[in-house]
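Look over the sequence and the model below. The report covers strands, a cavity and ring contacts.

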Amino acid sequence: MAKSVLITGASSGIGRVTAELMAREGWQVAATSRDTGALHAWAGENRIAIFELDVTDEDSVAGVVAAVIDRFGGIDVLVNNAGYGVFGPIEGTTPEDVDLQFRTNVFGAIALIRYVMLVMRKRGSGTIINVSSIGGRTASPFASLYHATKFALKGFSESFRYEASLHGIRVKVVEPAHFKTGFIQRSLGVTRHSEYDPQFRNYMEWVYQEDRKAPGPELVARGILRAAEDRSLRLRCPVNGAMILALTKVLPDAVWRYLLGSGMTRRPKRSDGGDAAAG
């Protein structure tokens with residue numbers, strides 16, 4: 001019997017590619033999104049079922065988990081992939097910015113885990129995959145709220161794996177480096193404050209430049225599939241982040257701080273050698 005997976009944030013980027021990959025590999029896929037319009041292309045797919053899910057709404061989470069269990073008879077793997085980012089100076093944020101950032105990236109994932117655990121615990125098996133980021137181990141300027149949620153998800157997972165293991169359930173944290181997923185254009189909220197505008201604009205030029213040359217999300221989807229099939233107790237599953245993680249261990253903090261901090265004032269170079277235009 002085919003195993004089933006519930007994937008959040010499946011309408012685009014990492015979630016979409018992962019849903020398609022796992023369906024091709026024979027999984028029964030519950031593809032969820034707040035906006036299911038982008039999922040209609042899968043309406044005729046035998047292995048992909050579409051569900052509307054708002055991870056920030058407890059009733060929506062409970063209803064979708066129940067519907068997926070009714071459709072597939074259970075949930076073997078949960079992939080908490082839905083994400084949102086707030087970039088910009090913390091002085092420019094509002095309480096609503098902070099709330100949405102944590103409700104989407106942390107509280108939504110925990111809510112899904114709470115409901116999915118019931119069925120996994122009764123079965124005595126299952127895998128919970130939290131898609132974090134290399135940004136859950138090291139942080140860059142002007143993304144303090146986003147990094148806070150990724151560090152929180154990593155810390156939650158590291159502790160939660162112990163209680164999950166009591167019932168045969170594995171916990172994995174997939175940690176992608178920068179991939180071109182449309183996240184910067186689609187799922188990024190920006191805050192502003194006049195005291196930081198020049199430095200923030202300059203740093204975002206580096207972000208846009210890195211995004212333009214980043215690889216696509218296929219490697220991350222493969223990493224999630226490997227995590228879903230991994231029977232070991234390994235927690236962290238970085239994807240393309242080995243170099244960054246190695247540098248954070250080897251370089252003194254002062255050097256690492258200089259390298260990242262200089263992005264607030266040092267201009268990125270265009271491919272023709274000139275300065276990139278300000279965004």
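## Ground rules

Two strands count as paired if DSSP finds at least two bridges between them. By that test β7 and strand β9 (residues 236-239) pair in the parallel sense, over 4 bridges. The model is predicted.

## Strand β7 and its neighbours

Strand β7 spans residues 169-176. Its cover is thorough: 8 of its 8 residues are buried. In a regular strand, side chains alternate between the two faces of the sheet. In β7, Ile-169, Val-171, Val-173 and Glu-175 point one way. Arg-170, Lys-172, Val-174 and Pro-176 point the other way. Both sets are buried, charged residue names included.

Toward β9, Pro-176 stands opposite Val-239. β7 also pairs with strand β6 (residues 126-131), through 6 bridges, and the two run parallel. Gly-126 has Ile-169 as its bridge partner in β7. Further along this pairing, Asn-130 has Val-173 as its partner in β7. The connection is also defined: β6, α4 and β7 make a right-handed β-α-β unit.

## Strand β6

How many residues of β6 are buried? The count is 6 of 6, and the strand is mostly covered. On one side lie Gly-126, Ile-128 and Asn-130. On the other lie Thr-127, Ile-129 and Val-131. Both faces are covered.

β6 also takes part in a pairing with β4. Here 4 bridges join the strands, which run parallel. Val-77 stands opposite Thr-127 in β6.

## Strand β1 and its partners

Strand β1 covers residues 4-7. Ser-4 and Leu-6 point one way, Val-5 and Ile-7 the other, and all are buried. Parallel pairing joins β1 to strand β2 (residues 28-33) through 4 bridges. The bridge partner of Val-5 in β2 is Val-29. From β1 the chain crosses through helix α1 (residues 13-24) to β2, and this β-α-β crossover is right-handed.

β1 also pairs with strand β4 (residues 77-80). These two run parallel, joined by 3 bridges. Val-5 appears again here: its bridge partner in β4 is Val-77. Val-77 in turn stands opposite Thr-127 in β6. The pairings can thus be followed step by step: β2 with β1, β1 with β4, β4 with β6, β6 with β7, and β7 with β9.

## The cavity

How many cavities of 30 Å³ or more does a search of the whole structure find? It finds 1. About 90 Å³ of space lies in the largest cavity. Its lining has 13 residues. Nearest its centre lie Asn-80, Ala-82, Thr-104, Asn-105 and Ala-109. Two elements give two or more residues to that lining: α3 (95-123) and α4. Helix α3 gives the most, with 5 residues.

Asn-105 has its place in helix α3. Is Asn-105 buried or exposed? Its relative accessible area is 4%, under the 20% limit, so Asn-105 is buried. Asn-105 and Ala-82 are 23 residues apart in sequence. In space they are 7.0 Å apart, C-alpha to C-alpha.

## Aromatic pairs

With ring centres required to lie within 6.5 Å, the count comes to 5 aromatic pairs. One of them joins Phe-102 and Phe-107, and this pair is tilted. Its centres are 6.2 Å apart, with 35° between the planes. Phe-107 is partly exposed, at a relative accessible area of 46%.

Phe-156 and Phe-160 form a stacked pair. Their separation is 5.3 Å centre to centre, with 15° between the planes. Both sit in helix α4 (residues 144-165). Because they are 4 residues apart there, about one helical turn separates them. Their cover is as follows: Phe-156 is partly exposed, at 22% relative accessible area, whereas Phe-160 is buried, at 6%.

## Cluster and charge contact

Which residues form one aromatic cluster? They are Phe-87, Tyr-146 and Phe-183. A contact of another kind involves Trp-42: Arg-16 lies over the face of its ring. The distance from the ring centre is 4.5 Å.

Terms used:
Residues are numbered from 1 along each chain as its sequence is written. This is a predicted model: local features need pLDDT of at least 70, side-chain atom pairs count only at pLDDT 80 or more; totals for chains, interfaces and linings use all residues. Side-chain values use heavy atoms; hydrogens and water are left out. Rings of Phe, Tyr and Trp (its six-membered ring) pair if their centres lie within 6.5 Å; planes under 30 degrees apart count as stacked, over 60 as edge-to-face and the rest as tilted. Buried means under 20% relative accessible area, exposed over 50%, partly exposed in between (1.4 Å probe, protein chains only). A charge sits over a ring if NZ of Lys or CZ of Arg is within 6 Å of the ring centre and within 35 degrees of the ring normal. A crossover is right-handed if, with the strands pointing away from the viewer, the path from the first strand over the helix to the second runs clockwise. On a 1 Å grid over the protein atoms alone, a cavity is a set of points where a 1.4 Å probe fits but cannot get out, and a pocket is an open set with protein on both sides within 12 Å along at least five of seven lines; lining residues have an atom within 4 Å of a point. Grid points are joined across faces, edges and corners, and a volume is the space filled by probe spheres set on the points.
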